[in-house]
Amino acid sequence: MIYFFIISTGLLLGTLAASLFVRRDSKFMAAAILGTAALTFTAACALIFTRIAGEQAGFMTPWAFVLLVIPFGVFLAQTVFRGAFARRINYSMARLKVQQASLRVLFTRWLPLTLYTVALILMTVALARPVRLDRTVLPPSEGIDIILLMDVSASMQKQDFYPNRFVAAQQTASRFISKRVSDRIGVVAFAKAAMLQAPLTLDHDALQEYISSLYLGIVDPNYTAIGDALGVAANHLKDSKAKSKVIILLTDGDSNAGAIEPLMAAKAAAAYGIRVYTVGTASAPGSNPYSSQADEINEGLMMEIAELTGGKYYRANNESELTKIYDTINELEKTEFSPSSTVSRTDYFQPVLLLALLCAALGLILEKLILIKVP
């Protein structure tokens, strides 16, 4: 539309410049100036419409505005050259007639013509097809599938994290989920046994509710079955068609229960192409009154699980470090997201065309029934 506006403005300025040098055919020049001004005004309105609406509106066939030369030509022909083609009746006393420029005379001469011209302009705008565009961004068809393993054993109630290890783990997991808008995420809670708390889902609002509903003791909290937890998560991920499959194992202790050895479960996960990030959530023994040697993390086991699957081991000594670890994992497992969108169009040519027909009908009624001209 900007090019159409520039061209029409150039025509208007050219016509104004020509009127300064052309002294004859003043009627023709006036009609030309009026026509180019109307053309520029129409272009300006269309440009303002597209600028204000932004990407939400536009014209499907903007080339149709070239046809505005038709109403311009009609207006020019009716105002300048109408005398050459009109039938004239000579009256014997015509020279004695006094020319009157009453309001009715002006309406009779210009109102129907103006309505016809406006109708043609509106028809041209309708032909350009003004539309409203509604764009919907689509998520990627293939993202990353992630299972969060949440330790709910009794030791997670220790307060070396604020307010305790378990609540800090809940909060950081919740923030992590909120950043993975295009990925399917599930949750497994484990202590003496492992339980699939939430299957893989894109409904992150429901997932946040599952996370908040976890509590210490949801399963027998007296032991920690890391191998069983890895087995449940790997079994749930093995048939996934996602381009990347990830397990994030969060625990504050060592594996001391369960039917599956942790390293065997890690090897099975690696065979299915699953990476495991292990996160230890306990401060160093003796660093504060809540930590002790009794619940020291088996870092060797955590490192080996991560290495077997192509993941990485992290140690968090407080809640701020735990937050940074989740942020790091979030950066490592970025989903390559090429935004795609669907566009739905709502046409608005119908009301414009209806308005054009009303203008044409009103002009015809005024010309033939009300503002009747006598030869």
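Modeller: A nonpolar core is a set of buried Ala, Val, Leu, Ile, Met, Phe, Trp, Tyr and Cys residues joined through side-chain atoms within 4.5 Å. The largest such core here has 33 residues, and Ile146, Leu148, Ile248, Leu322 and Ile329 have the most contacts inside it. The model is predicted.

Colleague: Which elements give two or more residues to this core?

Modeller: They are strand 3, helix 6, strand 4, helix 7, strand 6, strand 7, strand 8 and helix 11 (319-332). Helix 6 supplies six residues, the largest share.

Colleague: What is Ile329 in contact with, leaving aside its neighbours within four places in sequence?

Modeller: Phe176, Ile248, Tyr277, Val279 and Tyr314 are its partners on that count. Apart from the largest core lies another, of 25 residues, with Leu149, Val188, Ala229 and Val276 among them.

Colleague: How much of the protein is buried?

Modeller: Of the 375 residues, 40% are buried. The chain has twelve helices and nine strands. Among contacts with a separation of 6 or more, 82% are between residues 24 or more positions apart.

Colleague: What puts the buried residues of helix 10 on the same side?

Modeller: The buried residues of helix 10 (residues 299-309) are Leu301, Met302, Ile305, Ala306 and Thr309. Their arc around the axis is only 130°, and therefore they share one side of helix 10. The spacing fits the general rule: an α-helix has 3.6 residues a turn, so residues three or four places apart point the same way.

Colleague: What covers these buried residues of helix 10?

Modeller: The cover includes helix 8 (226-237), strand 6 (244-251), helix 9 (262-271), strand 7 (274-281) and strand 8 (313-316). Just after helix 10, Gly310 has a positive phi of about 80°.

Colleague: What makes Asp347 and Arg129 a salt bridge?

Modeller: The cut-off is 4 Å between a side-chain nitrogen of Lys or Arg and a carboxyl oxygen of Asp or Glu. The closest N and O atoms of Asp347 and Arg129 are 2.8 Å apart, so the pair qualifies under that cut-off. Asp347 is in strand 9 (residues 340-347) and Arg129 in the loop between helix 5 (103-127) and strand 2 (130-138), so the pair ties together parts that are 218 residues apart in sequence.

Colleague: Why is Asp347 called partly exposed?

Modeller: Buried means under 20% relative accessible area and exposed over 50%, with partly exposed in between. Asp347 is at 24% and therefore counts as partly exposed. Arg129, at 31%, also falls in that class.

Colleague: What else is there to say about the backbone of Arg129?

Modeller: Arg129 has a positive phi of about 60° although it is not a glycine. Most residues other than glycine have a negative phi, and most peptide bonds are trans. An exception to the second part is the bond joining Tyr162 and Pro163, which is cis with omega of about -10°. Pro163 is in the loop between strand 3 (144-151) and helix 6 (165-178).

Colleague: Is the salt bridge partner Asp183 buried or exposed?

Modeller: Asp183 is buried, since its relative accessible area is 1%. Its side chain meets that of Arg180 in a salt bridge, at 2.9 Å from N to O. Arg180 is at 3% and therefore counts as buried.

Colleague: How do you know that Lys192 and Asp220 form a salt bridge?

Modeller: Their N to O distance is 3.9 Å, and the limit is 4 Å. Lys192 lies in the loop between strand 4 (184-190) and strand 5 (194-201), and Asp220 in the loop between helix 7 (204-213) and helix 8, so the pair ties together parts 28 residues apart in sequence. Lys192 is partly exposed at 40%, and Asp220 is partly exposed at 32%. Elsewhere, Asp160, Arg165 and Asp252 are joined into one network by salt bridges that share partners.

Colleague: How many salt bridges are there in the whole structure?

Modeller: The search finds eight.

Colleague: What makes the nonpolar surface patch?

Modeller: Trp63, Leu67, Val69, Ile70 and Leu127 make it, over about 490 Å². Patch members need over 30% relative accessible area. Ile70 is partly exposed at 46%, so it passes that limit. Ile70 is in helix 3 (residues 69-80). The accessible surface of the protein is about 20800 Å², with 61% belonging to carbon and sulfur atoms.

Terms used: Residues are numbered from 1 along each chain as its sequence is written. This is a predicted model: local features need pLDDT of at least 70, side-chain atom pairs count only at pLDDT 80 or more; totals for chains, interfaces and linings use all residues. Side-chain values use heavy atoms; hydrogens and water are left out. Buried means under 20% relative accessible area, exposed over 50%, partly exposed in between (1.4 Å probe, protein chains only). Helices (H or I, at least four residues) and strands (E, at least two) are DSSP runs, numbered from the N terminus. The arc is that of the directions from the helix axis to the C-beta atoms. Contact means heavy atoms within 4.5 Å. Accessible areas come from the Shrake-Rupley method with a 1.4 Å probe; for residues, only the protein chains shown count as cover. Patches are made of residues with over 30% relative accessible area and no salt bridge: like charges are joined within 9 Å, nonpolar side chains (Val, Leu, Ile, Met, Phe, Trp, Tyr) within 5 Å.
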